[in-house]
Amino acid sequence: QGQAVARSQPDLLAEIVAGLARATRHREPRIRTVSAMALGDLCSSGAIGADLRGGAVDLLVGALGDPERSVRETAAGSLGQVGSAVASDRVVLEVIVRSLAR
């Protein structure tokens with residue numbers, strides 16, 4: 001189902017990812033946390049193509065530096081859920097461990 005949406009609504013999916021990108025910078029930690037969760041769900045569903053998935057992974061990696069622990073934990077979990085080469089890279093894993101140790 002997700003791949004069918006990706007083929008039929010690529011502009012809509014790009015808008016969704018752009019909205020989630022804005023939400024990752026919201027002043028409220030709960031909104032940043034939910035956006036990290038949604039990005040992970042969207043990536044792992046197969047609904048978005050590699051170009052959007054790469055941007056979403058970049059957003060999740062950026063969220064690992066969030067001042068709020070819940071955002072960092074959710075971003076780390078979402079990266080694990082995505083399972084992309086970027087998310088499993090040793091450098092990213094090191095950043096995850098250091099961000100959770102805060």
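**A helical chain and the packing of α2 against α3**

At 35% relative accessibility, isoleucine 31 counts as partly exposed in this predicted model, because that value falls between the limits of under 20% for buried and over 50% for exposed. Isoleucine 31 belongs to helix α3. Setting aside residues up to four places away in sequence, isoleucine 31 touches Ala23 and His26. A further spatial relation links isoleucine 31 to valine 71: the two are 40 residues apart in sequence, and their C-alpha atoms are 9.0 Å apart in space.

The setting for this residue is a chain with seven helices and zero strands, so that the pattern read along the sequence is α-α-α-α-α-α-α. The chain has 102 residues, of which 37% count as buried. When contacts between residues at least 6 apart in sequence are considered, 57% of them join residues at least 24 apart.

Isoleucine 31 also takes part in the packing of α2 and α3. These two helices pack at an angle of about 150°, and their axes lie 8 Å apart. Their crossing is left-handed. On the α2 side the contact is made by Leu13, Ile16, Val17, Leu20 and Ala23, and on the α3 side by Ile31, Arg32, Ser35, Ala38, Leu39 and Leu42. Sorted by class, the residues of this contact are nine nonpolar, one polar and one charged. Ser35 counts as the polar residue and Arg32 as the charged one, because serine falls outside the nonpolar and charged lists whereas arginine is on the charged list.

Between these helices, α2 (10–23) and α3 (29–44), runs a loop that holds threonine 24. Is threonine 24 buried or exposed? Threonine 24 is buried, because its relative accessible area of 15% is under the 20% limit. Leaving aside neighbours within four places in sequence, threonine 24 is in contact with Arg32, Ser35, Leu39 and Leu59. Of these contacts, Arg32, Ser35 and Leu39 also appear among the α3 residues that meet α2. A polar atom of the threonine 24 side chain lies 2.6 Å from the backbone oxygen of alanine 21.

Arginine 25 is placed in the loop between α2 and α3 as well. With 58% relative accessibility, arginine 25 counts as exposed, because the value is over 50%. The side chain of arginine 25 nevertheless reaches the backbone oxygen of alanine 21, at 3.0 Å. The backbone oxygen of alanine 21 is thus approached by the side chains of both threonine 24 and arginine 25. The C-alpha atoms of arginine 25 and leucine 59 are separated by 9.8 Å, although the residues are 34 apart along the chain.

The account now turns to the interior. The largest nonpolar core has 21 residues, and those with the most contacts inside it are Leu42, Ile48, Leu60, Leu64, Ala75 and Leu79. Two or more residues of this core come from each of α2, α3, α4 (50–63) and α5 (69–82). In soluble globular proteins, nonpolar side chains tend to be buried together. Leu42 connects the two parts of this description, being listed in the core and in the α2 and α3 contact.

Leucine 79, another of the listed core residues, lies in helix α5. Its relative accessible area is 1%, so leucine 79 is buried. The C-alpha atoms of leucine 79 and cysteine 43 are separated by 9.2 Å, while the two residues are 36 apart along the chain.

Key: Residues are numbered from 1 along each chain as its sequence is written. This is a predicted model: local features need pLDDT of at least 70, side-chain atom pairs count only at pLDDT 80 or more; totals for chains, interfaces and linings use all residues. Side-chain values use heavy atoms; hydrogens and water are left out. Helices (H or I, at least four residues) and strands (E, at least two) are DSSP runs, numbered from the N terminus. Buried means under 20% relative accessible area, exposed over 50%, partly exposed in between (1.4 Å probe, protein chains only). A polar contact is a pair of N or O atoms within 3.5 Å; within protein, one must be able to donate a hydrogen and the other to accept it, and residues adjacent in sequence count only if both atoms are side-chain atoms. Contact means heavy atoms within 4.5 Å. A nonpolar core is a set of buried Ala, Val, Leu, Ile, Met, Phe, Trp, Tyr and Cys residues joined through side-chain atoms within 4.5 Å. Axes are lines fitted to C-alpha atoms, for helices over the stretch in contact, and angles run from 0 to 180 degrees between N-to-C directions. A crossing is left-handed if the near helix is turned anticlockwise from the far one by less than a right angle, and right-handed if clockwise.
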